[in-house]
Amino acid sequence: MSKTLQAIRGMRDILPNEMTTFHTVEAGIRELMHGYHYQEIRLPVLESTELFKRSVGEETDIVGKEMYSFLSRSDEPMTLRPEGTAGCMRAGIEHGLFYNQTQKFWYLGPMFRYERPQKGRYRQFQQWGVEAVGIEGHQIELEMILLGARLWQILGITDKIQLQVNSLGSPACRQHYRALLQKHFHQARDQLNEAELQRLARNPLRLLDSKNPALAELIASAPRLDMHMSNEAKAHFAALTQALTEMGISFVHNPHLVRGLDYYQHTVFEWVTEALGAQNAVAAGGRYDGLIEQLGGQPSSAVGFAMGVERVAALLKEDSIPKVMPDVAVFAVDNDIAVQVQAWTESLRDALGLSWSITMDHQGGSHKNQSKRADKLGARASLLIDKDAWEAKAAPIKTVDGWVSVPLGKVAEWLRLNLTQEKV
Ligand code: HAM
């Protein structure tokens, strides 16, 4: 026997028994996006490598070590998208969607990052992302946060998720702050490892969210960005936090929240949970006003966030997701009437419509075995049609109330009358 093949490390199969959870999350997203009038956009999973270098940033972990990049057959450098914002902005610029107009987009799809796989962290994972372009002011940031809060409410997981917010200030504030941070960490250079020394030189803000315990004290004593921000940047952030308070959305101001992508400025936020171990970020985003111009478009403000679908699915209580049973199961007990019964089942589907879930059993066997399978399937009505019943033009139907024989021509009507009450 040949060796069985396995999925590539970090690429996760989502099996049918998990689908209900994913469908619940996706249905919540669609309902929410309809309710807030956001437009869906579907984008390619492959983009030019240059796009991510110019947006996410060459110095970030994502671009530096986590991308699935390769040369196409015609030697063009391309990358499986590690996130959705860059492609969404590329598409908007390319199709002139940002020219003198505002946009509110959402997308759902797979992203790819070559990270070390563990619970809640995969190399292919799904993101739901939301991007609003051309809208200044803190109200749109508030709307982004309200979207998250409402989804947690729809899914019944509000109590498991907390909001953290921070401001990175304007690029000018950051420039000044960067120099201060470099000075601060420089004095303890010998405590930094190779990667941290690189960060110190290129992107010292990332040292603030380092998990290295040796840095904890240095991080705690580091100068705070909010002490070195312009009055304008401070006022912008204060307006947002005040609005959150007024709307009763609880949050924590985490001055060390810096995000792992380079395009942010001013507000950044993260929804975190304690229920998933090390992978505590459920959704995250912020303002990224400079990005569209950086990618060759007109200067434009932009805000967005993305949520890890697998992480949210893992937060849903398993017992709150009912297993989906068919409404009706049809068995052709005798093999020689199997095709006729299948044709009749088609007419039953025509009569009831596809909102009724009707499964047909094709396995044959004795009446006793088929009856056992019917019980295991758990349909609300099982039809075990044998040759005698077929000739008598009647269907023996089993429900929780026992057996009943119904003329074949009246089965649809009978099911509608007798099962509709319970249908959820
Ligand atoms: P991000 O923080 O890199 O932001 O990812 C957003 C979310 O995707 C994370 O909070 C997490 O839930 C999920 N996620 C990330 N990596 C993995 C992984 N390896 N396995 C499972 N889930 C993961 C962005 O991607 C930005 N594009 C968000 C954004 C949109 N900012 C503005 N607009």
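Strand 3 and strand 4 run antiparallel and are joined by 4 bridges, where strands, like helices, are DSSP runs numbered from the N terminus (E, at least two residues, for strands; H or I, at least four, for helices), and two strands count as paired if DSSP finds at least two bridges between them. The model is predicted, so that local features need pLDDT of at least 70 and side-chain atom pairs count only at pLDDT 80 or more, whereas totals for chains, interfaces and linings use all residues. Residues are numbered from 1 along each chain as its sequence is written, and side-chain values use heavy atoms, with hydrogens and water left out.

**The sheet of strands 2, 4 and 3**

- Three elements make up this open sheet, in which 3 strands follow the order 2-4-3 with antiparallel pairing, and strand 2 (46–48) and strand 3 (68–71) are the edge strands, each pairing on one side only.
- Neighbouring strands of this sheet are turned against each other by 35 degrees on average, direction ignored, with axes taken as lines fitted to C-alpha atoms (for helices over the stretch in contact) and angles running from 0 to 180 degrees between N-to-C directions.
- Strand 2 pairs with strand 4 (residues 77–80) in the antiparallel sense over 3 bridges; Leu46 stands opposite Leu80 in strand 4, and Ser48 stands opposite Met78 in strand 4.
- Helix 2 (residues 49–57) packs on the sheet and touches strand 2, strand 3 and strand 4, its direction making about 75 degrees with that of strand 2, where contact means heavy atoms within 4.5 Å.
- Phe70 also stands opposite Met78 in strand 4, and in the hairpin of strand 3 and strand 4, which has 5 residues between the strands, Asp75 takes a positive phi near 65 degrees.

**The sheet of strands 12 to 16**

- A mixed pairing pattern is found in the open sheet of 5 strands with the order 13-12-14-15-16; strand 13 (358–361) and strand 16 (402–407) stand at its edges with a single partner strand each, so one side of each is left without a neighbour in the sheet.
- The average turn between neighbouring strands of this sheet is 25 degrees, direction ignored.
- Strand 14 (residues 381–385) and strand 15 (residues 394–399) pair in the antiparallel sense over 2 bridges, and Leu383 stands opposite Ile397 in strand 15.
- Helix 12 (residues 338–352) lies across strand 12 (328–332), strand 13 and strand 14, running at about 180 degrees to strand 13, while helix 13 (residues 367–377) packs on the sheet against strand 12, strand 13, strand 14 and strand 15, with its direction at about 170 degrees to that of strand 12.

**The ligand and its shell**

- Of the 25 residues around the ligand, those that come nearest are Glu83, Glu115, Tyr122, Glu131 and Tyr264, a residue being near a molecule if one of its heavy atoms lies within 4 Å of it.
- By class, the shell has 12 nonpolar, 6 polar and 7 charged residues, with Ala, Val, Leu, Ile, Met, Phe, Trp, Tyr, Cys and Pro counted as nonpolar, Asp, Glu, Lys and Arg as charged, and the others, Gly among them, as polar.
- Strand 6 (124–133), strand 10 (281–287) and strand 11 (302–308) each supply at least two residues of the shell, and the largest share, 5 residues, comes from strand 10.
- A polar side-chain atom of Tyr264 lies 2.6 Å from a nitrogen atom of the ligand, and an N or O atom in the side chain of Tyr263 is 3.0 Å from a nitrogen atom of the ligand.
- A polar backbone atom of Gly308 is 3.2 Å from an oxygen atom of the ligand, and the protein covers 96% of the 660 Å² of accessible area that the ligand has on its own, as given by the Shrake-Rupley method with a 1.4 Å probe.

Note on methods:
Polar contact = N/O pair within 3.5 Å; in protein donor to acceptor, adjacent residues only side chain to side chain.
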